[in-house]
Amino acid sequence: MLIANISPRSMGKTTDTGFMAHALHEAGYTVRAWDADESQHLTQWAEAAGGFPFPVSQNATATFATDMDPLKNGIDIVDVGHTENHPHIADSVLKVADLAILHMEPSMADWQRVTKPRTSTAVKEIVARSAFARPGREAPPLWVLFNRVRSGVKSAREIRDLMSEEGWNLFTVMIPMWDEIKQATAFPVERAAHGPFGELVTEMETKGLIKNG
Ligand SMILES: Nc1ncnc2c1ncn2[C@@H]1O[C@H](COP(=O)(O)OP(=O)(O)O)[C@@H](O)[C@H]1O
Ligand SMILES: [Mg+2]
């Protein structure tokens with residue numbers, strides 16, 4: 001199966017993707033990560049870490065979907081370039097995605113970037129339009145993962161409630177604002193499954209969103 005990690009702008013995709021991939025690997029899944037961002041941030045992280053314990057491939061093109069064969073017995077996890085600047089890459093990845101995860105901070109600023117971008121296509125619309133390019137004519141499920149969450153901040157609760165009323169699927173697990181994570185993309189990842197990303201894997205399993213194939 002294939003997981004597409006998406007967001008407009010810089011909203012924590014690469015960090016979340018790297019940790020999720022490690023947590024899935026530690027949980028026993030066969031993982032292959034894809035860097036589908038021209039900035040190659042995930043690739044640089046893997047190099048700085050002396051390699052990840054699973055392959056990291058690159059394909060930041062509009063032909064992603066036809067260039068690759070999704071793993072039959074594992075999870076392809078893709079760090080997609082910003083949907084705002086590279087919608088053609090997102091369109092291609094979403095053609096073959098089984099699950100799309102939108103990464104954002106629970107702030108009014110990120111909510112506006114997601115739902116009311118001034119000059120680009122809203123993320124929900126990009127996911128919805130992928131239906132036309134997919135064999136079953138149905139878009140992949142879209143789930144929201146909140147990251148950089150500060151405890152006790154009122155706006156986080158408000159954005160959750162607002163998006164829930166708007167009908168978004170929100171993961172219960174949230175990734176906290178974490179000082180060490182700010183530097184994480186320069187170092188190897190250890191024990192990713194022993195924290196929020198491990199809890200996220202469990203939540204995805206419980207919800208039937210992931211499978212080894
Ligand atoms: N949970 C977190 N806590 C603190 N800082 C974070 C967290 N997740 C990401 N960041 C920081 O936020 C910025 C954007 O993250 P990044 O993963 O590069 O986003 P994107 O891939 O969407 O551009 C980076 O400076 C990163 O270190
Ligand atoms: Mg990135």
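Select strands E2 and E4 (residues 75-80) to begin: in this predicted model, the two strands run parallel and are joined by six bridges. Within that pairing, find Ala 33 and look across to E4, where Ile 77 stands opposite. Now add strand E3 (residues 56-58) to the selection, since E2 is also joined to E3, again in parallel, through three bridges. Here the residue to pick is Trp 34, whose bridge partner in E3 is Ser 57. If you then colour E2 (residues 31-36) by burial, five of its six residues come out as buried, and the strand is mostly covered.

Keep Ile 77 selected and expand to its contacts. Setting aside neighbours within four places in sequence, Ile 77 is in contact with Ile 3, Thr 17, Met 20, Ala 21, Leu 24, Val 31 and Ala 33. Ile 77 also belongs to the largest nonpolar core, which has 56 residues, and is listed with Ala 4, Leu 24, Val 78, Val 93, Ala 100 and Leu 102 as touching the most other members. Helix H1 supplies the largest share of this core, five residues. As general background, nonpolar side chains in soluble globular proteins tend to be buried together.

From the core, move to ligand 1 and display its surroundings, a shell of 15 residues in which the closest are Ser 10, Gly 12, Lys 13, Thr 14 and Thr 15. Two elements, helix H1 (13-26) and helix H8 (179-182), each give two or more residues to this shell, and H1 gives the most, with three. Coloured by residue class, the shell divides into five nonpolar, seven polar and three charged residues.

Next, select Arg 9, which lies in the loop between strand E1 (2-6) and H1. Its phi is near 55°, a positive value in a residue other than glycine. Most residues other than glycine have a negative phi. Arg 9 is partly exposed, because 16 other C-beta atoms lie within 10 Å.

A second arginine to select is Arg 137, in the loop between helix H6 (123-129) and strand E6 (142-146); Arg 137 has a positive phi of about 55° although it is not a glycine. Is Arg 137 buried or exposed? With 8 C-beta neighbours inside 10 Å, Arg 137 counts as exposed.

Finish at helix H7 (residues 154-165), whose twelve residues reach 17 Å from first C-alpha to last, close to the 16 Å expected at 1.5 Å a residue. Beyond the helix, select Gly 167, which follows H7 and has a positive phi near 95°.

Notes
Residues are numbered from 1 along each chain as its sequence is written. Chains are lettered from A and ligands numbered from 1 in the order in which they are written. This is a predicted model: local features need pLDDT of at least 70, side-chain atom pairs count only at pLDDT 80 or more; totals for chains, interfaces and linings use all residues. A residue is near a molecule or strand if its C-beta atom, placed from the backbone, lies within 6 Å of it. Helices (H or I, at least four residues) and strands (E, at least two) are DSSP runs, numbered from the N terminus. Ala, Val, Leu, Ile, Met, Phe, Trp, Tyr, Cys and Pro count as nonpolar, Asp, Glu, Lys and Arg as charged, and the others, Gly among them, as polar. A residue is buried if 20 or more other C-beta atoms lie within 10 Å of its own, exposed if 12 or fewer, and partly exposed in between; C-beta atoms are placed from the backbone. The expected span of a helix is 1.5 Å times one less than its number of residues. A nonpolar core is a set of buried Ala, Val, Leu, Ile, Met, Phe, Trp, Tyr and Cys residues joined through C-beta atoms within 7 Å. Two residues are in contact if their C-beta atoms, placed from the backbone, lie within 7 Å. Two strands pair if DSSP finds at least two bridges between them.
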